[in-house]
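The following exercises are meant to be worked through with the sequence and the coordinates open side by side. Each begins with a task and continues with a solution in steps.

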Number of protein chains: 2
Amino acid sequence: MSNDAHNSRRRRSTEQPTLKQVADAAGVSAITASRALNRPDQVNELTRARVLEAVERLGYVPNLVAGSLASARSRFIAVIVPSLANSVFIEVIQGLQETFEAQGYQILLGNTEYDLEREYQLIRTFLGWSCSALVTAGLRHNEACRTLLANCDKPIMEVMELGEARDLNVGLDHTEAGRCMARHLLERGHRQTLFIGARLAGDYRAGMRYEGHREIFEQAGLTAPLLELERGGLDAGAAGLERALAEHPDIGAIHFANDDLATGALLHAQRLGLAVPQRIAIAGFNGLPIGQHVTPRLTTIRSPRHAMGELAATAVIRRLEGQRVARRQHDVGFELLVGDST
Amino acid sequence: MSNDAHNSRRRRSTEQPTLKQVADAAGVSAITASRALNRPDQVNELTRARVLEAVERLGYVPNLVAGSLASARSRFIAVIVPSLANSVFIEVIQGLQETFEAQGYQILLGNTEYDLEREYQLIRTFLGWSCSALVTAGLRHNEACRTLLANCDKPIMEVMELGEARDLNVGLDHTEAGRCMARHLLERGHRQTLFIGARLAGDYRAGMRYEGHREIFEQAGLTAPLLELERGGLDAGAAGLERALAEHPDIGAIHFANDDLATGALLHAQRLGLAVPQRIAIAGFNGLPIGQHVTPRLTTIRSPRHAMGELAATAVIRRLEGQRVARRQHDVGFELLVGDST
DNA sequence: TACAACGATGTTAGCGCTAACATGATAGCG
DNA sequence: CGCTATCATGTTAGCGCTAACATCGTTGTA
């Protein structure tokens with residue numbers, strides 16, 4: 001005995017009401033109910049009111065999966081970053097999220113852990129979710145990933161750095177940032193300097209800053225040695241300072257790849273009783289708040305990371321809405337914050 | 001003239017190959033191809049090899065939207081946090097993400113900005129995506145949200161704090177943490193103390209810590225005034241210190257709601273030439289690395305946030321796989337880190 | 001008055017995949 | 001040898017929604 005019209009092969013799992021039920025309750029067809037919810041201007045105001053009332057009464061929650069399948073569009077934006085441990089990416093994500101969510105897009109966040117193969121897998125997954133657009137941190141991808149991106153007609157936004165982007169690009173010139181800090185150190189009279197970074201294979205943008213740094217010092221006829229650490233963070237910065245003093249006793253300034261390292265070193269110098277910048281000058285990158293609170297204030301470079309996220313999202317949204325994007329490439333620039341540590 | 005069998009109402013948008021095409025290329029039916037990809041043990045090894053070869057050759061990317069609709073299951077886990085600006089949530093998210101992604105689940109991240117109405121909207125959206133489970137930070141939700149959660153048969157995990165959870169719960173007792181620090185301050189001989197927090201309506205867990213703090217001091221016959229700031233962060237901590245000294249000149253110790261505020265205050269005290277802890281003792285909460293790098297080291301409470309995420313994810317996964325979850329409620333505890341600032 | 005133009009709504013046919021059931025071949029066993 | 005159990009694969013019928021086309025009344029216009 002079937003208690004239903006045709007229970008031959010039913011498999012509705014949840015008892016959630018469907019759009020059809022809402023439509024029946026409102027006395028309209030399913031498509032009208034759909035339009036009432038998604039294209040309000042295409043239905044009569046009274047009809048819409050009845051549909052909304054039925055939605056409310058039945059506690060209808062639209063099945064977005066079905067909607068995406070039918071329309072071949074989801075309102076997902078894939079966002080792929082190499083790390084969540086680094087606050088830099090968090091700030092960009094925040095800018096992206098605020099802007100996208102305000103327009104009704106949902107972010108799908110992927111974390112590659114600096115692994116390009118994982119990036120490929122993530123992009124595959126996200127494409128499988130018919131995401132509307134892709135935002136990735138960085139311009140470097142592996143072969144498979146480049147193929148996937150090339151064969152995909154969705155907007156692709158590459159953020160953080162500037163360069164030969166596939167499609168849209170919002171970022172800053174890291175090589176130039178490295179040059180900028182190097183020039184500052186030179187101006188301050190530092191001749192014996194060291195660049196300290198961590199895991200530069202992954203954080204290749206730090207490597208680019210080192211290249212800029214080296215360029216300037218070599219132009220001045222000076223060497224610019226590099227010290228690469230196994231890990232990042234405050235502890236690593238402190239350890240890096242120790243190693244620097246041991247391996248390069250005559251060093252006068254250290255250009256750190258980021259503020260975490262630099263702050264760790266600066267606070268450690270305090271503990272060691274080393275005068276900063278007299279005995280050793282310290283510079284960072286990122287312009288994190290902590291750098292402006294330590295004494296002496298850290299010399300660093302600040303980039304508009306939140307704005308970078310907003311600008312990137314805005315450009316993607318314009319593209320998705322079929323509008324022209326004014327600039328495919330946008331340099332957000334950076335700002336040298338001269339503190340008292342150099 | 002149709003160049004296709006029946007182009008009456010075609011609307012395939014992308015030219016992405018479908019599972020059917022893969023199946024044809026491999027000489028099997030669609031369902032076999034599906035099984036080859038999703039239930040490898042249910043198909044013959046050779047058949048599977050042929051399917052995988054076809055997948056590779058055609059560059060097939062599974063349409064996860066269609067799969068989810070058909071199976072009424074997605075591999076999404078909704079994760080809802082009140083803020084991304086606070087590194088505390090980031091660490092929990094990292095723990096969640098690592099664990100979930102390792103099991104093939106994708107995180108859908110929502111940010112409520114401490115707004116319970118936004119939380120409701122996010123949960124609606126995520127349910128619309130047929131997420132497999134929901135992880136939310138905190139036990140407080142608004143009426144609509146509670147209804148939604150009550151009528152939803154998916155695993156629900158509430159993290160960060162312990163209490164009357166709807167389903168699963170992993171967290172720590174914030175009231176007890178507040179008591180713990182208060183006892184420490186009492187032991188150190190501090191009688192005139194002040195609790196400083198920011199935006200406690202949103203960060204109600206800080207409010208719970210204050211309640212614990214007050215309880216202990218009132219039991220000792222002492223008052224425990226509260227100073228609430230408009231904003232958080234290092235700057236706010238510095239400003240809070242100034243206000244505390246102005247409004248409570250006889251104060252000997254400040255219990256800050258978190259390490260950001262405490263560190264800001266501690267570094268500002270340095271600049272002001274105030275001896276910490278002799279003139280003013282400072283305590284925080286969270287156990288952030290920076291607190292262990294400043295001089296004097298910050299007294300604080302560390303909670304295992306990364307582990308909290310891992311444990312939460314593990315429990316949810318067990319539930320999803322139909323296994324029994326040993327403990328519906330799990331207290332991850334906390335640890336008093338006695339520094340030199342108290 | 002006839003006809004186009006438009007607005008509001010409905011009908012039909014999928015989107016690409018998988019659950020449920022069906023089938024057929026092979027193995028195991030008394 | 002007939003029976004059931006098991007494995008590998010196929011057929012059918014949706015999942016819940018929306019695109020595309022169709023319909024029907026109402027207006028405006030020559």
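Helices, of at least four residues, and strands, of at least two, are DSSP runs numbered from the N terminus. The model examined here is predicted.

**Exercise 1. Two buried leads in chain B**

Task: Locate B:Leu84 and B:Val92 among the elements of chain B, and decide whether each is buried or exposed.

Solution: Begin with B:Leu84, which is found in the loop that runs between strand E1 (76-81) and helix H5 (87-102) of chain B. Its relative accessibility is 4%, and because buried means under 20%, B:Leu84 counts as buried. Next, B:Val92 belongs to helix H5 of chain B, and with a relative accessible area of 3% B:Val92 is buried. Finally, set sequence separation against distance in space: B:Leu84 and B:Thr300 are 216 residues apart along the chain, with 22 Å between their C-alpha atoms, whereas B:Val92 and B:His306, 214 residues apart in sequence, have C-alpha atoms 5.0 Å apart.

**Exercise 2. The surface near DNA strand D**

Task: Describe which residues and helices make up the surface near DNA strand D, and identify polar contacts made there, including one by A:Ala66.

Solution: First, count the residues: 28 lie around DNA strand D, and A:Leu19, A:Ser34, A:Tyr60, B:Thr32 and B:Thr47 come nearest. Of the strand's atoms that come within 4 Å of the protein, 60% belong to sugar and phosphate. By residue type, the surface comprises ten nonpolar, eleven polar and seven charged residues.

Second, assign the elements. Helices H2 (30-38) and H4 (64-71) of chain A, and helices H2 (30-38) and H4 (64-71) of chain B, each contribute at least two residues, with H4(A) giving the most, namely four residues. For comparison with the record, UniProt lists residues 17-71 of chain A in an unreviewed entry as "domain: HTH lacI-type"; over that stretch the chain is 71% helix and 0% strand, with its end C-alpha atoms 20 Å apart.

Third, examine individual contacts. A polar backbone atom of A:Ala66 is 3.3 Å from a base nitrogen of DNA strand D, while phosphate oxygens of the strand lie 3.4 Å from a polar side-chain atom of A:Arg73 and 2.5 Å from a side-chain N or O atom of B:Thr47.

**Exercise 3. Aromatic rings**

Task: Find how many aromatic pairs the whole structure holds, and characterise the pair formed by A:Phe100 and A:Tyr105.

Solution: The search over all chains returns nine aromatic pairs. In the pair of A:Phe100 and A:Tyr105 the centres are 6.1 Å apart and the planes are at 75 degrees, so the pair is edge-to-face, given that planes over 60 degrees apart count as such. Both of these residues, A:Phe100 and A:Tyr105, are buried. Ring pairs also join A:Phe76, A:Trp129, B:Phe76 and B:Trp129 in a cluster that draws on chains A and B. Charges lie over rings as well: B:Arg75 is placed over the face of B:Tyr105 at 4.2 Å from the ring centre, and the charged end of B:Arg209 is 3.8 Å from the centre of the B:Phe285 ring.

**Exercise 4. Backbone exceptions**

Task: Explain what sets the backbone at A:Glu113 apart, and where the cis peptide bond ending at A:Pro296 lies.

Solution: Start from the expectation that most residues other than glycine have a negative phi, and that most peptide bonds are trans. A:Glu113 has a positive phi, near 55 degrees, and at 42% relative accessibility A:Glu113 counts as partly exposed. The bond between A:Thr295 and A:Pro296 is cis, with omega about 0 degrees, and A:Pro296 lies in the loop between strand E9 (281-283) and strand E10 (300-302) of chain A.

Notes:
Residues are numbered from 1 along each chain as its sequence is written. Chains are lettered from A and ligands numbered from 1 in the order in which they are written. This is a predicted model: local features need pLDDT of at least 70, side-chain atom pairs count only at pLDDT 80 or more; totals for chains, interfaces and linings use all residues. Side-chain values use heavy atoms; hydrogens and water are left out. UniProt positions are given in the numbering used here, feature names are shortened, and annotations may be inferred rather than shown by experiment. Rings of Phe, Tyr and Trp (its six-membered ring) pair if their centres lie within 6.5 Å; planes under 30 degrees apart count as stacked, over 60 as edge-to-face and the rest as tilted. Buried means under 20% relative accessible area, exposed over 50%, partly exposed in between (1.4 Å probe, protein chains only). A charge sits over a ring if NZ of Lys or CZ of Arg is within 6 Å of the ring centre and within 35 degrees of the ring normal. A residue is near a molecule or strand if one of its heavy atoms lies within 4 Å of it. A polar contact is a pair of N or O atoms within 3.5 Å; within protein, one must be able to donate a hydrogen and the other to accept it, and residues adjacent in sequence count only if both atoms are side-chain atoms. Ala, Val, Leu, Ile, Met, Phe, Trp, Tyr, Cys and Pro count as nonpolar, Asp, Glu, Lys and Arg as charged, and the others, Gly among them, as polar.
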